[in-house]
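Please look through the structure shown below. The questions that follow take up one strand and its partners, and then the ligand.

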Amino acid sequence: MDVRRRSTMDTPATKARSGPMKVKVVDHENDVVVVGAKASDALPLPLYLTNAVFFTLFFSVVYFLLTRWREKIRTSTPLHVVDLSEIVAIVAFVASFIYLLGFFGIDFVQSLILRPSNDVWAADDEEEHERLILKDDARKVPCGAGLDCSPIPQIAPVAAAPKAVAQKVFDKEVVLSTPCDFTTQPLTEEDEEVVKSVVAGTIPSYSLESKLGDCKRAAAIRREALQRITGKSLTGLPLEGFDYESILGQCCEMPVGYVQIPVGIAGPLMLDGREFSVPMATTEGCLVASTNRGCKAINLSGGATSVLLRDGMTRAPCVRFNSAKRAAELKFYLEDPNNYDTLSTVFNRSSRFGRLQTIKCAIAGKNLYMRFTCSTGDAMGMNMVSKGVQNVLDFLQNDFPDMDVIGISGNYCSDKKPAAVNWIEGRGKSVVCEAVIKGDVVQKVLKTNVASLCELNMLKNLTGSAMAGALGGFNAHASNIVSAIYIATGQDPAQNVESSHCITMMEPINDGKDLHVSVTMPSIEVGTVGGGTQLASQSACLNLLGVKGANREAPGSNARLLATVVAGSVLAGELSLMSAISAGQLVKSHMKYNRSSKDVSAVASA
Ligand code: ADP
């Protein structure tokens, strides 16, 4: 979303109330501990004593003044006639009052002003709307194609079991979980020796896996060595509870732990007549709640429809000749339909799933860029297409021996960089997704109206983005949804760059009563095999969507379905955020869901 997380305002009152907690910053270079200064440090007495003094003073002078004034009333002395002791008491009263007001009052007033209302995303109190929501929430548990909907076997509670250990059964496997156990096993003497060698540089850190033959042990040793070398603690970065074998040679080198990202569920999303619970890995408050609201609006309006327009991964090597003429000759050769069969036979040798579709060439002087597009089954396909391209390059070298291969990727592909070629030609899956949102749903769920939404879309997503010189960024926050689903389902998050290309269109229909909304996304790069998709957590999220692994009956259909779910979720996200902006709810909702209540000033490196 547009509004980023903000820290809690650290008022003098909250600071003072936090009492003895101090901000500690360890300066490892100088080996000194710097304790951050606080406003209360300026007080001559400890904070609790100062508070006690002012409290006592306040109530004493109040008592004193009331006694004196009662005396004056009894003796009929005018109230404004005051002696020195009364003047001193009044001054003390004002001083203690100001102190106590500063201490309690500011924080109280701030909490009243800044506390967001509870109805930011929730339904309003209208009866009819309540009914809609209740009906919506009464749906059965959503069921994706591959989701096992059989009842989860119940396990009788184990009476004597320790509270921290929970037993759950999923997919017939027993999982034992201990909440938040970040503790690492103590090192054995043998491991200690290896750590010392890594610290001394006699054993390279990268070779630990092959030397020890135990990925978990290698990670533990590398982690300890790293802490000693840098003098920085990795407490909080978990080591236990991860299968390090599963990433070896495939997903991550030199691991020292893993980062935890919460996964929220938006949905169910009704798309093409099926319901999907969409996993979103994010640390951005509001995002899942907002997408969920968009799903609700879509569902109440009968669901969304998607069409896959194209499916092909690209790779574009750069080759150089001695003349532009020779570069053009190769271009004509590659683009001649008569040569397609030969080239595709050569290309397709690399994989039973990679099938050459097109070759599109661009010339820059003597340099030729050849953009190969191929289908890749259920794989995202970067490796597959690269292997096919390598085959063709080797083959071409016979007929064009003067061809100098500069690089198998010449950036005309274009991978992980904003580029017009992806926006115009597409890369991966090109999907359009649409829905008709009923006028009353726009009003009751999205809390806005069709005309305002359409106007905002025109001025923000179309005109505003044009003014900004956007490239594929004609949307409100497609990348938010794309990234969250990519991380949850093991996609390459860096491909969020082009995968988030999206144009969001909104039009009034049915005499302005209802809203037609669509997202067109030409470059959704997803797979359900290969890369991070086979890791346990990511594969569980794919399973939830019913697209885990390879589809044996129709290779490629799992990845294509995932692409449509991405587009459908983006549609939901666009609807909700645009509505929030249109209704002026954005800041309010972020104050509720995206505002840390923790004292961030207490966080310092250790
Ligand atoms: P990518 O090409 O996305 O980088 P990989 O290089 O891991 O991914 O390729 C996917 C691998 O999975 C290939 O070895 C391929 O043969 C295998 N595979 C098995 N089933 C399928 C399928 N249905 N679609 C695509 N690849 C599949």
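**A strand and a ligand**

Q: Is strand S15 (residues 514-524) largely enclosed or open?
A: Strands here are DSSP runs of E with at least two residues, numbered from the N terminus, and buried means under 20% relative accessible area with a 1.4 Å probe and protein chains only. Since 9 of the 11 residues of strand S15 are buried, the strand is, with respect to the rest of the structure, largely enclosed.

This is a predicted model, in which local features need pLDDT of at least 70 and side-chain atom pairs count only at pLDDT 80 or more, while totals for chains, interfaces and linings use all residues. Residues are numbered from 1 along each chain as its sequence is written, and side-chain values use heavy atoms, with hydrogens and water left out.

Q: Which residue of S15 stands opposite Glu434?
A: Two strands pair if DSSP finds at least two bridges between them, and strand S12 (residues 428-437) runs antiparallel to S15, joined by 8 bridges. In S15, the residue opposite Glu434 is Ser518.

Q: Which residue is the bridge partner of Ser518 in S14?
A: Strand S14 (residues 502-509) pairs with S15 in the antiparallel sense over 7 bridges. The bridge partner of Ser518 there is Met505.

Q: How far is a backbone N or O atom of Gly381 from an oxygen atom of the ligand?
A: A polar contact is a pair of N or O atoms within 3.5 Å, and a polar backbone atom of Asp378 lies 2.7 Å from a nitrogen atom of the ligand. For the backbone atom of Gly381 and the ligand oxygen, the distance is 2.6 Å.

Terms used:
Buried means under 20% relative accessible area, exposed over 50%, partly exposed in between (1.4 Å probe, protein chains only). Helices (H or I, at least four residues) and strands (E, at least two) are DSSP runs, numbered from the N terminus. A polar contact is a pair of N or O atoms within 3.5 Å; within protein, one must be able to donate a hydrogen and the other to accept it, and residues adjacent in sequence count only if both atoms are side-chain atoms.
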